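Trainee: Got a minute to go through this one with me? I'd like to ask things as they come up.
Mentor: Sure, pull it up and fire away.

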Amino acid sequence: MNSNFVPRHLIVALLLGIALTAVLLTMFYGQYRRLGEDMVETSSAEHDAFLRENLQRKSSDELNAIANEIGDLRLPGSILPVFRRALAASDQLVGLRFMAADGSVLEAGDIPDTEAPVSAVWLPGSLVVAHPMHGLAATDDVLIGAFSLEALQNESTAYSDEIAMTEIRVRRSSFLWIGVAAAGTLILCLTIVMLIMRDQMRRIEDLKRQAEKLTDSDFGEALEETRGDALGDLATVFNRMRERLKATTIHRDYVDSILSSMNDAVIVTDRNGRIRRINKATTHLLGYEADELLDTNIDRIVDTKRNTSIARSEESGLPRETFFESKFGESIPVSYTCSILDATDGESGDLVYAAQNITERRRAERRIRYLARIDALTKIPNRMQFQHLLQRAIARARRSGSVLSLFYIDVDHFKDINDTFGHLAGDTTLETVAERLAASLPENSVIGRLAGDEFAVIVDGRSTVGSDRKATDKLASTLLARLADPFFVQGHEVFMTASMGVASYPNDAPNVIDLIRNADAALYHAKKSGGNVHCYYKPEMNEAAVERLMTKSKLKRSFERDELLVHYQPKYNLETGEVFGAEALVRWELPERGVILPADFIPIAEETNLIIEIGEWVLDKVCEDFRYWQRSVSSPGRVSVNLSLKQLRQRNFIQRISAIMRSYEVSPTSLELEITETTLMEDTDRTIKLLDELYALGLHLAIDDFGTGYSSLSALQQFPISTLKIDKSFVRHVSTSADDATLVGTIVQMGQNMHMDVVAEGVENEEQLSFLQSINCTYAQGLLFGDPMSSDNYLELLLAQKEGTDEYRALFA
């Protein structure tokens, strides 16, 4: 290509451009000048409108934020601080006014004295914006803010000046084009460049404006992207960055929301322990505001008097415990974990502490430990704690060479109090026992509740042998006497007694287990003696306890080995001398011991459910024997069978009795059930209902051992009872004791007046028989008429009576 081609053509192009430019500029100069002036005015007006709209929007947003901070409470004391903080934080906000619905006004800063605008009012030098407040507290309150226009006016002036200068430059360029025709092409190119530069500047201004918005977390709108130039590529990159920042900010806000909603305190520190961030739960736990803790060391909130520093803690998945100290000096136990954030620079990241208040957990642990050692009802040591204290007392006595005594105490007939007055009365009784023991014991004595109504006392310096025996006797008697004092429960006066077993260290046992066991053995003997007494341990008591345990074990196997027997004690009609019937008495025949009487094994059976099995077995055996007797004697008489309380408590008791009688085809009128007074008075309403059903079957009902309980004849009228059996303890001395004779005579007379048969038990000599005949007692039984006999021997007695060869008939001649 010719090197002169470009300049020549450029000169031609320049000349043509100059000519064309001169013509065009000449034609359009006049119109251009007018359009330029209009453009300046229009641009300035549009810019001013934009600034005003932007200021009004930002003002409304700012007032809305202030209204939200004020909230629904709207108390004067809470509004003014919010005003002051808002005025201090804003560059354009100069005054605030709160107009309440009731007419009250609160102001802060410099605000024009104008009526409340509906929305916004532009005044010289200021913008007044009204923001209605809607909420729970009121509906007509208004928040008014005044905003300075100084910044807006400055920016508007600067923009107008810039537009004016641009117009001047363009005008000068035009003059230059007209004045220098030779430079027309150059001016034309310059004009094109200037136009391109203006477009580029506009795009740069947009980019700058959007960048400024990003600094205020305002993501604005996406920039226009043009392809093929550097600014277009920059706009594309900027838009990508904007989207990423927007996503990052949303993620950050989401994390902030999670941290704020957590109940556990979360504290973020750097590797040196300086706090960088906390959540709301931390401020609630410690009472500090967030800005009070930021940039301080975490050890500021650690109670260093009770724990060491936790700064620079190592990462641990297992919780640790420490004590935080609140702003008010309160020590707060916490369980915390420490995690290390991953760092991107290769160095160790920040530490994250998650702490949980464990005050309630520690309180619950203390309560559990207390309940594990202390009886909840009586507030004295329970069995486990008492054994621990007894172990320590024995250790002290061993070191010092001294002695101590263990008093094992049990409330007599506690079940009767429970059943009569209810469990609340039982609880009151146990509390009374604990209080009276504590008030009556020497100093430094230890009281414990070992079981339901069983208590134990450790008394140092007392023994059961030698010179200490007298002092121990006196203390035991004092305790029993104090426990026997009456007390009131639910308006009722209650009388209570207790039994006590006493064993001492080191005379009776060298350790805790043996000492408690031996005192319990002594207590058992005290209970067996009738109660309200104390007994000292003796070695043979353990032998009796072991024997009793062995007896219980053998009794369980007695059914399998067919060791139980039923003997019959005849009952005689005292008027005719005939056998009226018999009482069935169970016996237990052991190969190594012979026949064991009921008094030795029935109490053991009563402690377990064996008494139910024994009772049913006896009734079954009686029905079997009765059926056997009927084959030889048409009327074997009425046979009575003892009935226990546990049998009576069975839900299907009546059905079981009926089934046994039906299986042997024995008439219910041939049998009589004997019930003790204690059994009769247990749950009176239910007992009456059961006895009525038994009576309706045809069974006869008798009260056994009458006079040994607490019932009266008048109280018995509500029961379907047909027979009274006078206890042998009253019959024993009727021939020698006027009191017993009068008592037995009274019982017989009252029983007959109530149309009941009366049976005297335990008749052993003819003097007793004569007395009973003299008072017209109906029936009698006892050893005077022979020992209890087997089924075969009873049948022989019935046959002998039928033939007139009965050897006991002579007693009634």
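Trainee: Where does arginine 396 sit?
Mentor: Arginine 396 is in helix H9, which covers residues 383–400. Keep in mind that this is a predicted model.

Trainee: And is arginine 396 buried, exposed or partly exposed?
Mentor: Partly exposed, with a relative accessible area of 40%.

Trainee: Which residues make up the positive surface patch?
Mentor: Arg392, Arg396, Arg398 and Arg399 form that patch.

Trainee: Okay, zooming out. How many helices and strands are in the chain?
Mentor: The chain has 25 helices and 26 strands. Of its 813 residues, 42% are buried.

Trainee: What about the surface, how much does the chain expose?
Mentor: About 44500 Å², with carbon and sulfur atoms supplying 53% of that area.

Trainee: And for contacts between residues at least 6 apart in sequence, what share joins residues at least 24 apart?
Mentor: That share is 60%.

Trainee: Switching to electrostatics. How many salt bridges does a search of the whole structure find?
Mentor: It turns up 20. One of them pairs the side chains of arginine 362 and glutamate 321, at 2.7 Å from N to O. That pair links distant parts of the chain, since arginine 362 belongs to helix H8 (residues 359–373) and glutamate 321 to strand S8 (residues 316–325), 41 residues apart.

Trainee: How accessible are arginine 362 and glutamate 321?
Mentor: Arginine 362 is partly exposed at 22% relative accessible area, and glutamate 321 is partly exposed too, at 39%.

Trainee: Which residue does lysine 527 meet in a salt bridge?
Mentor: Aspartate 412, with their side chains 3.0 Å apart, N to O. Lysine 527 lies in helix H13 (residues 512–528) and aspartate 412 in the loop between strand S11 (404–411) and helix H10 (414–421), so the pair ties together parts 115 residues apart in sequence.

Trainee: Which way do they go on burial, lysine 527 first and then aspartate 412?
Mentor: Lysine 527 is partly exposed at 31%, whereas aspartate 412 is buried because its relative accessible area is 6%, and buried means under 20%.

Trainee: What does lysine 725 pair with?
Mentor: Lysine 725 meets glutamate 583 in a salt bridge, 2.9 Å from N to O. Lysine 725 is in strand S24 (residues 723–726) and glutamate 583 in strand S19 (residues 579–590), so this pair links distant parts of the chain, 142 residues apart.

Trainee: Is that pair buried or exposed?
Mentor: Lysine 725 counts as buried at 0% relative accessibility, and glutamate 583 is buried at 4%.

Trainee: Which residues are linked with them in a network of salt bridges?
Mentor: The network consists of Glu583, Glu674, Lys725 and Glu761.

Trainee: New topic, backbone oddities. Which peptide bond is cis?
Mentor: The one from tyrosine 505 to proline 506, with omega near 5°. Proline 506 is in the loop between strand S16 (498–505) and H13. Most peptide bonds are trans.

Trainee: Which residue has a positive phi of about 55°?
Mentor: Histidine 413, although it is not a glycine. Histidine 413 lies in the loop between S11 and H10 and counts as exposed, at 56% relative accessibility. Most residues other than glycine have a negative phi.

Trainee: And what is phi for asparagine 532?
Mentor: Near 60°, so again a positive value in a residue other than glycine. Asparagine 532 is in the loop between H13 and strand S17 (534–536), and at 38% relative accessibility it counts as partly exposed.

Key:
Residues are numbered from 1 along each chain as its sequence is written. This is a predicted model: local features need pLDDT of at least 70, side-chain atom pairs count only at pLDDT 80 or more; totals for chains, interfaces and linings use all residues. Side-chain values use heavy atoms; hydrogens and water are left out. Patches are made of residues with over 30% relative accessible area and no salt bridge: like charges are joined within 9 Å, nonpolar side chains (Val, Leu, Ile, Met, Phe, Trp, Tyr) within 5 Å. Accessible areas come from the Shrake-Rupley method with a 1.4 Å probe; for residues, only the protein chains shown count as cover. A salt bridge is a side-chain nitrogen of Lys or Arg within 4 Å of a carboxyl oxygen of Asp or Glu. Lys and Arg count as positive and Asp and Glu as negative; His and the chain ends are not counted. The place of a charge is taken as NZ of Lys, CZ of Arg, CG of Asp or CD of Glu. Helices (H or I, at least four residues) and strands (E, at least two) are DSSP runs, numbered from the N terminus. Buried means under 20% relative accessible area, exposed over 50%, partly exposed in between (1.4 Å probe, protein chains only). Contact means heavy atoms within 4.5 Å.
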